[in-house]
Amino acid sequence: MLHKKKNVLEVFAENERVNICAPMVRYSKLPFRELVLKYNVNISYTPMIIADVFKNSEFARESDFSTNANDNPVVVQFAANNGPDLAAAAELVAPYVGGIDINCGCPQKWAVQERIGAHLMSDPEAVRDMIRTVKARMDTPCSIKIRVHQDLKETYEFVKRAEAVGVDFLTVHGRTRKQKSTEPVNFEGVKLVKESVSVPVVANGSIFSLADAEEMYEKTGVDGVMSARGLLKNPAFFAGHDYTPCGNYVKLALGYGTNLHIFHHHLMYMFEDIMCNAERKTFNTLSSIPAIIDHLETHWGLDVSKLI
């Protein structure tokens, strides 16, 4: 059944500030996206999908992308290094999504070696070609997710070139490819991007709370903020909650048949700051979904029978 998705540009038009769940390998899958959309997240992203594999493999298409009417609006993020691969993959999902994003920021060595992800920050012509190709073949909004360069002049030129070929919005992570996640975000770099283009700009990097989001808005003037690790720890922080009731995630995860590894890890992230050390150690050793459910029923009063 075809589930028509809201165009993400409408979300920017309707909201002065847009809250976004970042693309996260393994974690920003359908149950988690549906969860955060209940808590004042306006747009959610799929995990990064390798475009050429996706277009060539039915198995990849079935395992890497799933959606439904509740998953709305959703942006699918592709990793690619050429227009034809990207457009072929994008055409397969375009009827089911509100936007297509090109990953230009993944810093992992394997991605750089494959000339995808952060490699593209040094190949603006490849990015221009991909944007042009997608825009020529479909009406779905096309965005890029980038990092700042060490020399911000390069970042300015990069985003101006993307804007010139029709990129609809962009997300900028305020760190370079080589910086660690513990290093400070470059607010000036993010602000420069916002002031350089006329399309919506989203900021990414160290957004763990509403206070972090407010600081980003005040210092950069962006149109939206994107969070990854912050939402893993507290999927409800954009709605002002100090923590997310775990039962809401458990219900969705069990309903969608989430595997043990992802189910366990999501709950480990969510309980990281609210479990004592001794309980956390015990919880981390649980090796089956029934054992996890039993622990939540015993120690946290969760009644699974009322969830299903």
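**Strand E5 and its surroundings in the predicted model**

Strand E4, which covers residues 74-79, and strand E5 pair in the parallel sense over 4 bridges. Between these two strands the chain passes through helix H5, made up of residues 83-93, and the resulting β-α-β crossover from E4 to E5 is right-handed. Within this pairing, phenylalanine 78 stands opposite isoleucine 102 of E5. The arrangement described here, like everything that follows, is taken from a predicted model rather than from an experiment.

Strand E5 also pairs with strand E6 (residues 142-147), to which it is joined by 4 bridges, and these strands run parallel. Here asparagine 103 of E5 stands opposite lysine 145 in E6. Strand E5 itself, which spans residues 99-103, is mostly covered, with 5 of its 5 residues buried. The residues of E5 point in two directions: Gly99, Asp101 and Asn103 point one way, whereas Ile100 and Ile102 point the other way, and the residues of both groups are buried.

Two further positions, one in a helix and one in a strand, were examined individually. Threonine 155 is located in helix H8, which comprises residues 152-164. Because its relative accessibility is 0%, and buried means under 20%, threonine 155 counts as buried. The side chain of threonine 155 makes a polar contact with the side chain of histidine 149, at 2.8 Å. When residues up to four places away in sequence are not counted, threonine 155 touches Ile146, Val148, His149 and Val193.

Methionine 226 lies in strand E9, which consists of residues 224-227. With a relative accessible area of 0%, methionine 226 is likewise buried. Once its neighbours within four places in sequence are left aside, methionine 226 is in contact with Ile20, Cys21, Ala22, Pro23, Tyr45, Lys145, Thr171, Val202, Ala203, Asn204, Gly205 and Ile207. One of these contacts, Lys145, is the residue of E6 that stands opposite asparagine 103. Although methionine 226 and valine 172 are 54 residues apart along the chain, their C-alpha atoms are separated by 9.3 Å.

With regard to annotation, an unreviewed UniProt entry lists residues 21-273 under the name "domain: DUS-like FMN-binding". In the model, the span of residues 21-273 is 45% helix and 14% strand, and the C-alpha atoms at its ends lie 20 Å apart.

Definitions and conventions. Residues numbered from 1 in each chain as written. Predicted model: local features only at pLDDT ≥ 70, side-chain atom pairs only at ≥ 80, totals over all residues. Heavy atoms only, no water. UniProt positions renumbered as here; feature names shortened; annotations may be inferred. Buried < 20%, exposed > 50% of the residue type's maximum accessible area, 1.4 Å probe, protein only. Polar contact = N/O pair within 3.5 Å; in protein donor to acceptor, adjacent residues only side chain to side chain. Contact = heavy atoms within 4.5 Å. Pairing = 2+ DSSP bridges. Right-handed = clockwise from strand over helix to strand, strands pointing away.
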